[in-house]
Amino acid sequence: MSKNSIKPVIADADAINHAADLLRRGRLVAFPTETVYGLGADAGNPEAVAAIFKAKGRPTDHPLIVHIADIDSLGDWAATVPEAALKLAHRFWPGPLAMILNKKAGVSPTVTGGQQTVGLRMPDHLVALALLKSFGGGIAAPSANRFCRISPTQALHVSEELADAVDMILDGGACRVGVESTIIDLSGGKPRLLRPGHITQQQIEAVLQIELLTPSTPAAPAPEISEEIRAPGMMAVHYAPATPAMRCRAELLPDRIQHLTAAGKKIGVLNYRLDIAETGQVRILRLPEQAASYAQSFYTALRELDNLQLDIILIEQPPQTEAWRAINDRLGKAAAL
Ligand code: TXA
Ligand code: MG
């Protein structure tokens, strides 16, 4: 049966109860969280979880985060709940922090991508929490985009990409945080930060009173523009599908724009500080100067520019400070969205 043209529905109590019912029947429901929209399925139903991978076109060895309604539910999914996990949950949940713990024996390898660990998060969004409560179990949910595309921060983004693959889209407005959760691995040894997000390394270190290990590969520096901007591996944002996107330091931006316009290119610019004039060839989207507000509108802006059939998107390089770390991480990320 075709699921063609599923439109977002306002997430009132009836819609949420209906969505929970769909989840119980093994169907897929997209729902808002404070970070990005998730593509949800019953985490206890391997067939339903398998449908997520199919809908996204995501390799089945990429583990999913299980969303839970409360801290007590940690014990339903984790073999043991370390003290550190409890401390972080009490400080940051509900909120944009996912924790990787050793999985309980019964947790399906479909959810964990075959790993012995499971990702867990209690989202800070009224709709997500109401859905979890009404459903009564864990909801496995990656970001509700096709594999390697930009994460959705509005219900409309989900229907643009997944309307034919999802059974219901709950509309809860634009996401407050705008980038995916911070992920910390607490599955053994020293805690390690796996993905930077709104909750910073320092905030976590302050709670745990311990220095975190960080991902082994540092974010790549902004590449210089060259003639081979379309060569694979040169793009700052591999997941901006139609349009090559590159970071550019503010002081170089005006020259780069001039150079590319002279070459007849249509350019999109994501700036946040520099004043740049818009022309027929140059579309400017200015984001807020404050990192948290920038993050909130970042994916929407990128999506908007990507829809304009431009030749290139230039992104004014933000500072390399802790406040901007999650954004710099997403800018430098080649894939894995
Ligand atoms: O903010 C978020 O976390 C959003 C919303 C919907 O909650 N979800 C999200 O899911 O970003 P996803 O699947 O797009 O990204 C989850 C990341 C993936 O990179 C995955 O590899 C990692 O979490 N992950 C999940 N379980 C893991 C595990 N057991 N071990 C290591 N990494 C894991
Ligand atoms: Mg994702």
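**Checking the labels, from T35 outward**

Student: Why is the link between the side chains of T35 and T33 called a polar contact?

Tutor: The distance between the two side chains is 2.8 Å. The term asks for a pair of N or O atoms within 3.5 Å; within protein, one must be able to donate a hydrogen and the other to accept it, and residues adjacent in sequence count only if both atoms are side-chain atoms. So 2.8 Å passes the cut-off. T35 makes another such side-chain contact, with R121, at 3.1 Å.

Student: Where do these values come from, and how are things numbered?

Tutor: This is a predicted model, with local features needing pLDDT of at least 70 and side-chain atom pairs pLDDT 80 or more, while totals for chains, interfaces and linings use all residues, and side-chain values use heavy atoms, without hydrogens or water. Residues count from 1 along each chain as its sequence is written, and chains are lettered from A and ligands numbered from 1 in the order written.

Student: What makes T35 buried or exposed?

Tutor: Its relative accessibility is 4%. Buried means under 20% relative accessible area, exposed over 50%, and partly exposed in between (1.4 Å probe, protein chains only), so T35 is buried. T35 sits in the loop between β2 (29-31) and β3 (38-42). Leaving out residues up to four places away in sequence, T35 touches P96, R121, T153 and C175, among others (contact meaning heavy atoms within 4.5 Å).

Student: How do you know which residues surround ligand 1?

Tutor: A residue is included if one of its heavy atoms lies within 4 Å of the ligand. That gives 20 residues, and the closest are T35, R58, H67, S181 and R195. They divide into nine nonpolar, seven polar and four charged. Here Ala, Val, Leu, Ile, Met, Phe, Trp, Tyr, Cys and Pro count as nonpolar, Asp, Glu, Lys and Arg as charged, and the others, Gly among them, as polar.

Student: What makes T117, R121 and R195 polar partners of the ligand?

Tutor: Set the distances against the 3.5 Å cut-off. A nitrogen atom of ligand 1 is 3.0 Å from an N or O atom in the side chain of T117. Oxygen atoms of the ligand lie 3.1 Å from a polar side-chain atom of R121 and 3.0 Å from one of R195. The protein also covers 90% of the 680 Å² of accessible area that ligand 1 has on its own (Shrake-Rupley, 1.4 Å probe; for residues, only the protein chains shown count as cover). The elements giving two or more residues to the shell are β4 (65-67) and β6 (117-121). β6 gives the most, with four.

Student: Why is α7 called a helix, and how enclosed is it?

Tutor: Helices are DSSP runs of H or I with at least four residues, strands are runs of E with at least two, and both are numbered from the N terminus. α7 (residues 155-162) has eight residues, so it clears the minimum. Six of the eight are buried, so α7 is largely enclosed by the rest of the structure. The buried ones are A155, H157, V158, S159, E161 and L162. Their cover includes β1, β2, β3, α2 (46-56), β8 (168-171) and α10 (291-306).

Student: How do you know that β4 and β7 pair?

Tutor: Two strands pair if DSSP finds at least two bridges between them. β4 and β7 (residues 139-140) have two bridges, in the antiparallel sense, and V66 stands opposite A140. The open sheet has ten strands in the order β1-β8-β2-β3-β7-β4-β6-β5-β9-β10, with mixed pairing. β1 (8-10) and β10 (192-195) each have a single partner strand, so one side of each lacks a neighbour in the sheet.

Student: Which class fits M122, C148 and Q309: buried, partly exposed or exposed?

Tutor: M122 has a relative accessible area of 10%, so it is buried. C148, at 24%, is partly exposed, and Q309, at 64%, is exposed. M122 lies in the loop between β6 and α6 (126-135), and its contacts include W93 and P94. The peptide bond from W93 to P94 is cis, with omega near -10°.

Student: What makes the backbone of C148 worth a second look?

Tutor: Its phi is near 70°, a positive value in a residue other than glycine. C148 belongs to the loop between β7 and α7. Q309 also has a positive phi, about 55°, although it is not a glycine, and it lies in the loop between α10 and β14 (312-316).
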